[in-house]
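Welcome! Take a moment to look over the sequence and the 3D view, and then we will walk through some of its features together.

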Protein chains: 2
Amino acid sequence: MSAPASELSRVKRLPDRATYDAASIHAVLDAAMVGHVGFVTSGRALVIPMIYGRDGDVVYLHGSVASRLQRTLANGIDVCLTVTLVDGLVLARSAFHHSMNYRSAVVFGRATLVRPDEKAHALRVISEQLAPGRWDEVRPPTPIELKQTSVLRLAIEEGSVKARTGGPIDDEDDLGLPVWAGVLPCTTAWGEPLAAADLEVVLPPSPSILVRRLS
Amino acid sequence: MSAPASELSRVKRLPDRATYDAASIHAVLDAAMVGHVGFVTSGRALVIPMIYGRDGDVVYLHGSVASRLQRTLANGIDVCLTVTLVDGLVLARSAFHHSMNYRSAVVFGRATLVRPDEKAHALRVISEQLAPGRWDEVRPPTPIELKQTSVLRLAIEEGSVKARTGGPIDDEDDLGLPVWAGVLPCTTAWGEPLAAADLEVVLPPSPSILVRRLS
């Protein structure tokens, strides 16, 4: 267990489940597809789902926040990005000891609009996070398309990871109860690729789709 | 398309994808397992994953926020709860038209600690959301366990749902490009139940586990 960078990141409840090192934070960010981005607007917290991609200690974010905050963002805005993966339900003999296996990263930093000359790179990073290899299979963005796309650049200042693994931890007195206990694992599962109705050229799904399905 | 209750909930980008009616909001909340709860603390937004359960226009939230904010919560705190389901990757012929199929609800309200006499009900609602039927299979909470558990009560004041479905919408000029386009669907998949190492009584997984697996 490492130490939090500041009180902002310190995990208050069940601190044994927390780590603060960059490698652990990066591993959670790299495993997911959607993050929840929180920021203060008109004195209230607003939380918006965004797709993202990580490049070192920078996270590029794509979604409606960027256009909503276009003006605010000129000087940057403090955001909290939280990414959560659910790994299973933990089913105990007692209601009280039910739990969830999960991995969650909470990172803090200042988000700014990416510079125009960084935008193509940022979009490629986001694309690679969602569908590795896809970027090189498709038509790249034109200068006009790049201009129409807002991307945020979040430099991670600090963060934490909280995770739970393993089976239920029941009270000794409950171990003999006639109720099944254990873990029901869950994952993200990919289905059969559905070809677009207007697919003029009869093609099998490209390599990136197959790679993603097997991930 | 219904109307937002106030500017707080108005979806600014791609407003055609937005609805504001209670039934749509409830449907998204009911389909997921984890929400991301944002609130302002020390002038910054903090976003924490929490499990939850819905009962009418009330959402009960369970997780570390409750204990962290125990004192603050005496008078209630404004929160934003966002719940997102990813339904698939939308793979277009151009990088620009890539998208994601998803459903996302953003709700606002004031969160308070549940009253002691409401806590058992709240926990049952949360349990039913995660594993329908499980509550009646297991040992119920004791008064001491109830006391150790913090639950937030969020009365939904307003909210919005944003969703995308369907295949890629490519530029006409790109339709003939020799690249596969379509949707790669994704869902949450349940694995084989793993019995606890200390399961003394040899039992099959209880009905609630089987129901959850088939959901």
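## Where strand β8 of chain A meets chain B

In this predicted model, Val183(A) stands opposite Leu194(B), a residue of β9(B). The two strands involved, β8(A) and β9 of chain B (residues 194-195), pair in the antiparallel sense over two bridges.

β8(A) has another partner across the interface: five bridges join it to strand β8 of chain B (residues 182-190), and these strands run antiparallel. If you follow Thr187(A) across, its bridge partner in β8(B) is Ala189(B). For Thr188(A), the bridge partner is Thr188(B).

## A partner within chain A

β8(A) also pairs inside its own chain. Strand β5 of chain A (residues 77-91) is joined to β8(A) by four bridges, again in an antiparallel arrangement. Here you can find Leu89(A) opposite Leu184(A).

## The interface as a whole

How many residues of chain A are in contact with chain B? There are 83, and they touch 83 residues of chain B. Strand β8 of chain A (residues 182-190) gives the largest share of chain A's side, with nine residues. Sorted by class, that side of chain A holds 51 nonpolar, 17 polar and 15 charged residues.

## How the two copies are related

A turn of 180° with a shift of 0.0 Å along the axis lays chain A on chain B, with an RMSD of 0.0 Å. That is the relation of a two-fold axis. In chain A, the C-alpha nearest this axis belongs to Thr188(A), at 2.4 Å. This is the residue we met above, with Thr188(B) as its bridge partner.

Why can we say that the copies meet through the same surface? Because 100% of the interface residues of chain A are also interface residues in chain B.

## A helix in chain B

Now turn to helix α3 of chain B (residues 119-130). Its 12 residues should span 16 Å at 1.5 Å a residue, and the end C-alpha atoms are 17 Å apart, which agrees.

Which residues of α3(B) are buried? They are Lys119(B), Ala122(B), Leu123(B), Val125(B), Ile126(B), Ser127(B), Gln129(B) and Leu130(B). An α-helix has 3.6 residues a turn, so residues three or four places apart point the same way. The cover over the buried residues of α3(B) includes β3 (44-55), β4 (58-62), α4 (143-148) and β7 (151-164) of chain B, together with β5 of chain A.

Methods: Residues are numbered from 1 along each chain as its sequence is written. Chains are lettered from A and ligands numbered from 1 in the order in which they are written. This is a predicted model: local features need pLDDT of at least 70, side-chain atom pairs count only at pLDDT 80 or more; totals for chains, interfaces and linings use all residues. Two residues are in contact if their C-beta atoms, placed from the backbone, lie within 7 Å. Ala, Val, Leu, Ile, Met, Phe, Trp, Tyr, Cys and Pro count as nonpolar, Asp, Glu, Lys and Arg as charged, and the others, Gly among them, as polar. Two strands pair if DSSP finds at least two bridges between them. The expected span of a helix is 1.5 Å times one less than its number of residues. A residue is buried if 20 or more other C-beta atoms lie within 10 Å of its own, exposed if 12 or fewer, and partly exposed in between; C-beta atoms are placed from the backbone. Copies are superposed by least squares on the C-alpha atoms of residues with pLDDT of at least 70 in both.
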